[in-house]
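Student: Please take a close look at one part of this structure, the way two of its elements pack together, and then place that part in its wider setting. I am new to this structure and would be grateful for each term to be explained as it arises.

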Amino acid sequence: MLGVTKDEDEGLPGPVVLSLVLLGAMFGMAAPADGGWWPAPAALVALAVQAVHCLPWTTRLRGAWTLAAQLLLAPWSGVPGFAAASVLLLVRRPVRWVLFALVVAGAAVLAGDTGHRAANAASNALAQGLTVYALTRLFHLYAELHAARDQLAAAQVTQERQRAARELHAAIGVPLAAVLRLAADGDAAAVAATARRAAARVRATPEPPRPADPPDGPMPAPVLPVLIAVHLGYLAAGLALLADLDLTPLHLAVAIGALTVVTGLQVHHSLPRPPGVHPPGYRWTWALQCALAVAVLFGPAGPHPQLLAFAAASALVLLPPAAGWPAFGAAVVAAGTVSGTAAVDVVTIALVYYGLTLLTTLVHRVREARRALAELAVARERRRIARDVHDLLGSGLTAVAVTAELALREPAAEHLPQAAALAERTLAELRAIPADHTELDLDRELASTKALLAAAGIDLRLTGTPDTTPAEARPLLAAVLREGVTNLLRHSRATHCTLTLHPEGLHLTNNHPRPGPHHPGNGTPNLTARAGTFGAILTTGPTPPDHWTLDLKVRGAAHRPSRA
């Protein structure tokens, strides 16, 4: 799920797909120059204008004058489908659909007075116009989704921070506010009990809620209506051709049946689906499509070889590239045995349907990439918040509780105010955690450590100063010192401890750890993860004869700490 960049490079890029479809439409439908097969100059100009209308980086070049040029070129270019697509792309609704219908009708009028030629011209203009329009919309959507991946991840992280801020306020902010009120009232027992309950809640590890699904963004172009309309157009053109042929009733019925089945199977094969999902029974349906297409192609007075083009398109859509492209080439060769025009038709139609399916797949892949990136960013942010809540707020609340309990045992004047000061510090850190502004200050943390240990009656022997440690490592040293002192108060009966600050990190040792197995919870793993982001090494454990040691080495760190 998290390998989100690989799929984006599979298949043909969007501009290549669009270019192939436009070239196929031009060579398949454009009027040839005198005495040759190369398209007439008007067709080449129409192709260039259509590229301006389709590609996203040519926005400034397009306008009413380019649309007018495309409409004027339509009678001479032989590709009225370009004009139909340009109308859909540049004219606003609902006028564009009226103009689109007029362009399609004009193509039929220009084609001639026979039913088949008029129907075939209208069908081609309809199919090309709708397909180029859909491909362009899909390609633009693909580019927009691809460009907006990071924005979606950032938006999801912002939502996660807002959610965390609400939950932290309810779970911890309210108890901290209560601690401050109780401390002002002089109720040390209630302060200690409230802080202990909040600390236990912080240090618990409930299953986090599943991230909400990120939005998919704008819907793609109406691929399904386009597919249905294009297939109906081809079916109508095929039926018009059969009506013009002198076929026996039996041959006509067989040809109509084959045309209808192959077209229906093509709809079945071309429906938009997620990447890697094939239509049910596609091997059998494609084999049937191929058999019918070949049979009709070489049958007596069969319909247009577009049926073989459908089979070739299905090969590109359904089969792996190593098998699909050879099958496509075989279909082109088979059509070439009938005529060169038939081979060009197979190439054009197959590329149109393959391009439409491929770009639909690319849109699905980019959507999945956006979703995966957003989920990954939210998961990282959730881990970061959980780690900071445990390391910073848990330690702060424990310090509040310990100081309040000292006030119960030794009702000195400074203990309860110190507990209130610790609560205020923890409340400030609570507000900073969702915004990712929770780096600690080693000088302030050391001062808090001295006061807390002194209040607990634990002798502190300090060697070194914060200035002797690497400046970039001091937030990490502060977090490690806070968690180490918290564990010392929670898991030992220490009477003295030794703290050494040096250029390679810090070393903390205390006497009288509690007997039996030590279960540090999430604190040590969290600190190990923090140290790992810095390239530092954290070790903890018992030291004979009766001590507990925490050691952090940061010298030689590979890189600065990240906020992942």
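Tutor: Axes are lines fitted to C-alpha atoms, for helices over the stretch in contact, and angles between N-to-C directions run from 0 to 180 degrees. Helices are DSSP runs of H or I with at least four residues, strands are runs of E with at least two, and numbering starts at the N terminus. The model is predicted, so local features need pLDDT of at least 70 and side-chain atom pairs count only at pLDDT 80 or more, while totals for chains, interfaces and linings use all residues. Residues are numbered from 1 along each chain as its sequence is written, and side-chain values use heavy atoms, with hydrogens and water left out.

The part to examine is the pair formed by helix 15 (residues 415-432) and helix 16 (residues 442-455), whose axes cross at roughly 145 degrees and come within 12 Å. Their crossing is left-handed: the near helix is turned anticlockwise from the far one by less than a right angle, whereas a clockwise turn would be right-handed. From helix 15, the residues H415, Q418, L422 and R425 meet E445, S448, A451, L452 and A455 of helix 16. Contact here means heavy atoms within 4.5 Å.

Within this pair, Q418 deserves attention; its place is in helix 15. With a relative accessible area of 17%, Q418 is buried, a word that stands for under 20%, with exposed for over 50% and partly exposed in between (1.4 Å probe, protein chains only). Setting aside neighbours within four places in sequence, the contacts of Q418 are T403, A451, L452 and A455.

Another helix pair may be set beside this one. Helix 3 (residues 64-77) and helix 4 (residues 80-90) have axes 8 Å apart and pack at about 155 degrees. These two helices are therefore roughly antiparallel, on a scale where under 35 degrees is roughly parallel, over 145 roughly antiparallel, 65 to 115 roughly perpendicular and the rest oblique. The crossing of helix 3 and helix 4 is left-handed. Helix 3 contributes T66, L67, Q70, L71 and A74 to the contact, and helix 4 contributes P80, F82, A83, S86, V87 and L90.

Helix 12 offers a view of burial along one element: twelve of its 13 residues are buried, among them Q306, F310, S314 and L318.

As for the wider setting, the chain holds 18 helices and five strands. Of its 564 residues, 50% are buried. Among contacts between residues at least 6 apart in sequence, 73% join residues at least 24 apart.

Two loops have notable backbone features. H512, which is not a glycine, has a positive phi of about 55 degrees; it lies in the loop between strand 3 (505-511) and helix 18 (523-533). At 29% relative accessible area, H512 is partly exposed. P544 and P545 are joined by a cis peptide bond with omega about 0 degrees, and P545 sits in the loop between strand 4 (537-543) and strand 5 (547-553).

Finally, a search of the whole structure finds zero disulfides, a disulfide being a pair of cysteine sulfur atoms within 2.5 Å. C54 counts as buried at 1% relative accessibility, and C497 is buried at 0%.
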